Number of protein chains: 2
Amino acid sequence: MQKITSKHIAEICGVTRGTVDRALNNRPGIKPATREKILKAAEELGYRPDYLGQSLVRGETRTLGIVMFDVHNRIFAQLFHAFEEVARSHGYFVYLVLSHKDQAVEIEYIHNLIDRRVDGIALNPINEGAAFESLLQKTRTPILTFGNELSAHFPHIWIDDQAAIQDAVNHIAVKGYQHILYVSPPLRFKGRENIHVPEQRYAGLQSALQQHPDISHTVITSKDYVDAIHAELQKSFRRTAILCTSDIFALEVLKSLKDAGMDVPHEVGVMGFDNIDMLNYIDPPLTTVDYQVEDIGRRLADSLIRRIQGEVVPSRTIVTHSIMERSSL
Amino acid sequence: MQKITSKHIAEICGVTRGTVDRALNNRPGIKPATREKILKAAEELGYRPDYLGQSLVRGETRTLGIVMFDVHNRIFAQLFHAFEEVARSHGYFVYLVLSHKDQAVEIEYIHNLIDRRVDGIALNPINEGAAFESLLQKTRTPILTFGNELSAHFPHIWIDDQAAIQDAVNHIAVKGYQHILYVSPPLRFKGRENIHVPEQRYAGLQSALQQHPDISHTVITSKDYVDAIHAELQKSFRRTAILCTSDIFALEVLKSLKDAGMDVPHEVGVMGFDNIDMLNYIDPPLTTVDYQVEDIGRRLADSLIRRIQGEVVPSRTIVTHSIMERSSL
DNA sequence: CTGAAAGCGCTAACAT
DNA sequence: ATGTTAGCGCTTTCAG
């Protein structure tokens, strides 16, 4: 069974493809009778316009691309959900591509998306630098970023990471802690990949600590951060809070502390970041930094579509965050 | 800055587009010198072939579509990850579309995928019935299913849900439980949407219980299954196991039992299904049914691509499962 | 070795 | 009101 095209319909109805087009897209200049005949034939044959042909001539594909590291971290699954929903409501499809934090993969994917003529791209980049940005600038495809920021050429939607960590540190200070173990494994990739988010958070840590000269701290960036934490806990006898830059780190930490028989928060405090929904099932309930990641997803889709339609969108949009106090600290 | 096409290159090099094509896709019948010239020009201009044009003439888009309910349930996020990885390694892109368990949305999306000429579709359907299947059959686009099964026309890759629940019940029996609260909220949509998976599991429950006439049971399908469970627990004083058809239900149950101050597993046993990775962080550790969902994702992509290339794939592929014993039961 | 022409499926401008 | 033609960007066949 051959795929049926407008040409077939034209032949069957004894008219030309131009006329078929007029009927299908109900444009003026066609006799009601022939229109009916054509529509009926199309209906019966189960005709569906080919999107490739349409896209080629229209110059738009009504497709968005979203590039993220992976979808294991719940925060990105949630973001995607919201993004997809808004996109669909505007008639856009979305390609979800995962860079797996691999710089080459990311570049290949971006090229592919552009070659496929997506109308716009939302990107959480793992690449950075002038070469990368000029690559992105070569295309007229609108690109927005989230997570790791690029230069101001690319509108960015995210939270204020610096302020968020500052708030976290202040919260820790208020709770009377004297020492902070700051857990941010991605920091060790500094200079090799785009770690704008971890760096911003780290900057927030530094500036907050200046307000609290009484609080000492240790930064942990190793892959085996759990082991590193336990080693650190041996050394110091000051009242310690473990501040993790992601809930998924905090969950690992919590688990290992439990295994080691340590009491949270009495022996040591733990704080996370993201407020992923699975925290509902965790004990002890984790204090963390909360923000509406769905809001980010929605705004990304919305702004991207606006840009596609020629509107100017703000180069920076900050979504609010807050401290979600529970009982791990 | 205008997008550059093979036409531009042809003009610049003073040749025709056919020759440009020969150079770009290094086909024979071209003088090395002109080939060099063309490749150089293409390189300098940053030429990239347009995928729409290519797809139109080649008759393939090298794109796969995967349709699932959502990506909140971790099991589907994991499946997608594996699917995407295999697809990419074969040069395929993937459209991830979410039906949100809405039948109309699913149908609209499937139409869209076909109109966009995806080369194949992996589908966990929420629709069912002859009308739906004939809609799917109208296209020559290969379609595989996972999760809810359709008829044998659509190759299916999944676990043996019946056997899995039977194993779960046997495990519960061995542990000496006398009563089972079977939690499967989707069952209440029977007749309205495709709930093949829940039904298979339910069938597994029934047949297993025939082997254990001493075990009584109650089936819970209400949306407020947590409340229903607590009501049931009041009534019976037999040793009770709560068998949930998804870990996410089990997590909710565990949480509510904890809030109610009930001891698991001594006062009541709980068992889940899926062995999602977040179980690592849960206390008490949840006994559940384990299977390699990544394996399903990989096989889906692999088989789909085979079918696209004309191979015949088995109409049914069963991935193994096992009981993951922890300490909630 | 290269050019000319046709076609993938669609839309749009221009004739009749 | 309908037909004709051209073109989106690419590939492919057939001439030269």
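Q: Hi! How far is a phosphate oxygen of DNA strand D from an N or O atom in the side chain of Thr34(A)?
A: In this predicted model, the two are 2.7 Å apart, a polar contact (N or O atoms within 3.5 Å).

Q: What about Tyr47(B) and Lys31(A)?
A: A side-chain N or O atom of Tyr47(B) is 2.6 Å from a phosphate oxygen of strand D. For Lys31(A), a polar backbone atom is 2.9 Å from one.

Q: Any ground rules?
A: Residues count from 1 along each chain as written, chains are lettered from A and ligands numbered from 1 in written order, and side-chain values use heavy atoms, without hydrogens or water. Local features need pLDDT of at least 70 and side-chain atom pairs 80 or more, while totals for chains, interfaces and linings use all residues.

Q: New topic: how are the rings of Phe69(A) and Phe76(A) arranged?
A: Their centres are 6.0 Å apart with planes at 75 degrees, so they pair edge-to-face (centres within 6.5 Å, planes over 60 degrees apart).

Q: Are those two buried or exposed?
A: Phe69(A) is buried at 9% relative accessibility, and Phe76(A) is buried at 10% (under 20% relative accessible area, 1.4 Å probe, protein chains only).

Q: Which residues form a ring cluster?
A: Ring pairs connect Phe93(A), Tyr95(A), Tyr109(A), Phe93(B), Tyr95(B) and Tyr109(B). In it, Tyr109(A) and Phe93(B) are edge-to-face, with 5.2 Å between centres and 85 degrees between planes.

Q: And how exposed are Tyr109(A) and Phe93(B)?
A: Tyr109(A) is buried at 3% relative accessible area, and Phe93(B) is buried at 3% too.

Conventions. A polar contact is a pair of N or O atoms within 3.5 Å; within protein, one must be able to donate a hydrogen and the other to accept it, and residues adjacent in sequence count only if both atoms are side-chain atoms. Rings of Phe, Tyr and Trp (its six-membered ring) pair if their centres lie within 6.5 Å; planes under 30 degrees apart count as stacked, over 60 as edge-to-face and the rest as tilted. Buried means under 20% relative accessible area, exposed over 50%, partly exposed in between (1.4 Å probe, protein chains only).
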